[in-house]
Amino acid sequence: MTVSALPPDFEWGFATAAYQIEGAVDEGGRGKCIWDTFCHLEPSRTKNASGDIACDHYHKFEEDFDLLSKYGAGAYRFSIAWSRIIPLGGRNDPINEEGIAFYNQLIDSLLRRGITPWVTLYHWDLPQALHDRYGGWLNVDEVQKDFERYARLCYEKFGDRVKNWITINEPWIQAVYGYATGGNAPGRSSTNPQCTEGDTSKEPWIVGKALIMSHARAVMAYNQDFRKLQQGAIGISLNGDYYEPWDATDSEDAEAAERRMEFHIGWFANPIFLAQDYPSSMRKQLGTRLPTFTEEEFAVLAAAESDFYGMNYYTSQFAKHKIGDAPDTDVIGNVEELQSNKEGVSVGAESGVHWLRSCPEMFRKHLTRVYRLYKKPIYITENGCPCPGEDKMTKSESVEDPFRLQYFKDHLDAIGKSRQDGAVISGYFAWSLMDNLEWSDGFGPRFGVTYTDYETLERTPKKSALLLQQLIAERQQRIQC
């Protein structure tokens with residue numbers, strides 16, 4: 001019998017997000033988003049960095065798409081800035097034709113090059129006006145209506161050419177970092193001394209429901225009013241690490257590992273992909289702080305059938321159970337997260353950021369588990385790393401990136417192994433096309449396959465960028481087994 005590690009029609013490319021690369025925040029009629037506000041707080045919460053200029057992709061997209069062509073990418077995932085399309089965000093607010101024209105340029109430029117656009121509708125950049133008007137994601141009823149109108153506008157304007165839609169990027173990060181720890185915009189927390197507003201015990205769960213229902217409204221709208229004519233596909237990108245028990249012999253650690261993944265992934269995936277309630281472990285711990293779904297909302301979830309599971313994966317961890325009840329501010333399932341197990345064995349090789357270790361065998365298990373639970377084709381919509389010490393490297397050092405190359409090799413191999421386990425995995429997007437604004441970490445960590453000089457904005461390909469096409473082609477060859 002012969003098989004290939006990756007199928008011949010495996011879709012692959014690179015990914016970015018609007019606020020991290022576009023710049024031009026005051027050009028083309030764009031309205032402010034919550035990251036514009038957050039990046040200019042005093043004292044700085046983003047290492048004195050902002051997306052005001054970022055990589056200036058707004059003016060340099062043709063140059064950047066030349067790189068995509070050079071790298072052999074067949075697809076490119078990018079996000080639309082909601083406030084570039086509807087500056088004030090709301091369903092009755094004016095549309096910005098200049099913003100629509102800009103994204104038409106992007107889409108048409110990609111298609112001329114034979115590159116398939118994958119469009120994310122929301123990558124954390126809520127229009128500031130909606131946050132000011134009614135609390136943004138804290139107002140479940142209002143925000144889902146505004147998001148649906150925004151999604152419909154994008155389908156109407158771009159859906160004749162865009163056939164791959166991602167509603168929301170990493171809702172867990174938006175809910176937890178935005179409204180529990182306060183490390184991301186809009187920076188609300190009752191446990192972070194830098195924050196002046198927020199309630200960590202309640203707000204992330206409200207925001208989580210708002211994100212779930214906004215996704216569902218956008219998918220239902222596509223299914224009912226656009227799918228038949230446009231013939232596209234739609235899903236969501238969920239982040240989440242894989243967890244193994246800190247003590248492999250302790251059943252409570254095994255339960256803690258599973259519970260941690262339920263708090264990370266099941267929180268969103270159970271309602272979205274199964275039209276079911278949150279995991280029972282969440283109900284048990286959170287009680288009435290976890291919002292309920294009405295019968296009408298379950299009907300919307302059921303009508304919001306997605307085509308694929310977008311997976312953003314970077315690393316894995318060990319989970320150790322905690323003794324006693326969780327505090328009301330706990331958002332991870334009353335577990336301790338560790339990078340080494342009881343035997344002192346590290347979860348994987350260290351990268352250029354403290355939280356990311358390379359754990360390809362656990363990635364395989366993660367893929368296999370997610371497919372078993374949710375039974376949707378998986379597209380890896382983000383995967384990558386900075387090399388150890390890369391934030392301090394010169395350009396000539398950074399473009400030699402053997403750690404990143406090995407990371408890609410090992411994670412592509414893990415995809416092949418998970419396919420042997422029975423998982424359906426249909427595509428892969430490396431994060432990121434270029435070094436860019438790493439949110440609250442500023443311009444330090446370099447996740448790009450292209451080196452960005454933030455003074456001159458010059459782009460220089462790293463070795464991994466030029467070799468990813470070859471790595472994938474090699475794994476598409478038929479092999480004897």
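Relative accessible area sorts residues into three classes: buried means under 20%, exposed over 50%, and partly exposed in between, with a 1.4 Å probe and protein chains only. I will use those classes throughout.

What you have in front of you is a predicted model, in which local features need pLDDT of at least 70, side-chain atom pairs count only at pLDDT 80 or more, and totals for chains, interfaces and linings use all residues. Residues are numbered from 1 along each chain as its sequence is written, and side-chain values use heavy atoms, with hydrogens and water left out.

Overall dimensions to begin with. For 481 residues a compact globule would have a radius of gyration near 23 Å, and the protein chain, at 21 Å, agrees with that. The radius is taken over C-alpha atoms, and the globule rule is 2.2 Å times the number of residues to the power 0.38. The C-alpha trace spans about 55 × 55 × 50 Å along its principal axes. Of the 481 residues, 62% are buried.

Secondary structure comes to 17 helices and 17 strands. These are DSSP runs numbered from the N terminus: helices are H or I with at least four residues, strands are E with at least two. As for contacts, meaning heavy atoms within 4.5 Å, take those with a separation of 6 or more: 76% of them join residues 24 or more positions apart.

Now charges. The protein chain carries 51 positive and 69 negative side chains, and the centres of the two sets lie 3 Å apart. Lys and Arg count as positive, Asp and Glu as negative, while His and the chain ends are not counted. Each charge is placed at NZ of Lys, CZ of Arg, CG of Asp or CD of Glu.

Side chains of opposite charge can pair when their charged atoms come close. The criterion for a salt bridge is a side-chain nitrogen of Lys or Arg within 4 Å of a carboxyl oxygen of Asp or Glu. The whole structure has 40 of these salt bridges.

I picked three. In the E62 and R112 salt bridge, the closest N and O atoms are 3.5 Å apart. E62 sits in helix α3, residues 57-71, and R112 in helix α5, residues 97-112, so this pair links distant parts of the chain, 50 residues apart. E62 is partly exposed at 32%, and R112 is exposed at 62%.

The second is D66 with R113, closest N and O atoms 2.6 Å apart. D66 lies in helix α3 and R113 in the loop between α5 and β4, so the pair ties together parts that are 47 residues apart in sequence. D66 is partly exposed, at 43%, and R113 is partly exposed too, at 26%.

The third joins R133 and D93, with the closest N and O atoms 2.9 Å apart. R133 belongs to helix α6, residues 128-134, and D93 to the loop between α4 and α5, so parts 40 residues apart in sequence are tied together. R133 is partly exposed at 44%, whereas D93 is buried at 12%.

There is also a network: E390, D401, R404, D435, R446 and K462 are joined by salt bridges that share partners.

Which residues does T452 contact, leaving aside its neighbours within four places in sequence? They are C55, M434, D435, R446 and E458. T452 lies in strand β15, residues 450-452, and is buried, with a relative accessible area of 0%. Two of its contacts, D435 and R446, are also members of that network.
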